[in-house]
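Visitor: I would like to learn how to read empty space and helix packing in a model. Could you take me through one?
Guide: Gladly, let us put it on the screen.

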Amino acid sequence: MVYVSDDASIANEFMKHFGSVYFDSSLDDVAKAEYLNVSEDNQSSRNQETNIELVNVELIDKCIRGLKLGKASGPDGLCTESLVNAHPKLVVLLSALFRSIILHNYVPVEFGQGIIVPLIKDRTGDSSSLNNYRAITLIPVLSKLFECIILDVCDEYLSSDDRQFGFKKDLGCGNAIFAVRST
């Protein structure tokens with residue numbers, strides 16, 4: 001193990017460590033080809049059957065109110081409180097932006113950018129070991145808001161197995177333990 005002590009070297013070690021799990025989907029030629037084929041095939045029907053009218057100021061306001069407060073800002077420097085306390089006209093402008101994104105089938109590159117922050121897993125463990133850190137990514141708050149809107153609009157099409165308890169609303173470990181004990 002190599003020990004480093006200056007800020008730049010530490011940052012480079014984290015970059016190498018977490019870089020091994022990073023995948024830049026914009027470089028995936030297969031995914032691009034599949035996307036372009038699907039996009040061309042569905043373009044005419046999508047324009048006729050779009051759910052763009054569902055992306056309205058009421059939904060955007062509801063999703064803004066549903067974002068968690070007190071979280072760190074992303075690379076754009078905005079936090080949830082910036083949206084919650086903004087002038088109501090912002091919701092109208094965001095509605096136009098998100099409708100345009102859906103209509104033109106183009107998401108700004110900035111929506112995919114983030115700041116990776118290493119967090120120590122075990123405070124009593126070896127803080128000099130890279131394996132004692134997990135990474136979180138701080139993303140732009142507008143990306144979070146757009147994701148919330150898409151999830152709300154597409155909710156009826158998103159389903160998972162009834163035996164999945166993680167990452168589902170109102171479910172968790174207690175439900176999984178109950179299911180195991182009942183079986």
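Visitor: Which residues line the largest cavity?
Guide: Let me start with the general idea. Rolling a probe the size of a water molecule over the atoms shows where empty space is left. In this predicted model, the largest cavity is lined by Lys 71, Ala 72, Ser 73, Leu 78, Cys 79, Thr 80, Ile 139, Val 141 and Lys 144.

Visitor: What is the character of that lining: how many residues are nonpolar, polar and charged?
Guide: Five residues of the lining are nonpolar, two are polar and two are charged. The space in this largest cavity comes to about 30 Å³.

Visitor: How many cavities of 30 Å³ or more are there?
Guide: The count is one cavity of 30 Å³ or more.

Visitor: Now for the pockets. What is the volume of the second largest pocket?
Guide: The second largest pocket has about 580 Å³. Lining this pocket are 16 residues, and those closest to its centre are Gly 66, Leu 67, Lys 68, Lys 144 and Glu 147. You have met Lys 144 already, in the lining of the largest cavity.

Visitor: Which elements give two or more residues to the lining of this pocket?
Guide: They are helix H3, strand E2 (133-138) and helix H6 (141-153). H6 gives the most, with four residues. By type, the pocket lining divides into eight nonpolar, three polar and five charged residues.

Visitor: H3 has come up there. At what angle do H3 and H5 pack?
Guide: For a pair of helices, read the angle together with the distance between the axes. Helix H3 (residues 57-66) and helix H5 (residues 89-104) pack at about 105 degrees, and their axes lie 9 Å apart. Because an angle of 65 to 115 degrees counts as roughly perpendicular, H3 is roughly perpendicular to H5.

Visitor: Which residues make the contact?
Guide: H3 brings Val 57, Ile 60, Asp 61 and Ile 64, while H5 brings Val 91, Val 92, Leu 94, Ser 95 and Phe 98. Seven of the contact residues are nonpolar, one is polar and one is charged.

Visitor: Where is Pro 88 found, and is Pro 88 buried or exposed?
Guide: Pro 88 is in the loop between helix H4 (80-84) and H5. Its relative accessibility is 59%, so Pro 88 counts as exposed, the cut-off being over 50%.

Visitor: How many residues apart in sequence are Pro 88 and Asp 61?
Guide: They are 27 residues apart in sequence, and their C-alpha atoms are 9.0 Å apart in space. Asp 61 is one of the H3 residues in the contact with H5.

Conventions
Residues numbered from 1 in each chain as written. Predicted model: local features only at pLDDT ≥ 70, side-chain atom pairs only at ≥ 80, totals over all residues. Heavy atoms only, no water. Axes fitted to C-alpha atoms, helices over the stretch in contact; angles between N-to-C directions. Parallel < 35°, antiparallel > 145°, perpendicular 65-115°, else oblique. Contact = heavy atoms within 4.5 Å. Nonpolar A, V, L, I, M, F, W, Y, C, P; charged D, E, K, R; others polar. 1 Å grid on protein atoms, 1.4 Å probe; cavity = no way out; pocket = protein on both sides within 12 Å on 5 of 7 lines; lining within 4 Å. Points joined across faces, edges and corners; volume = space filled by probe spheres on them. Buried < 20%, exposed > 50% of the residue type's maximum accessible area, 1.4 Å probe, protein only.
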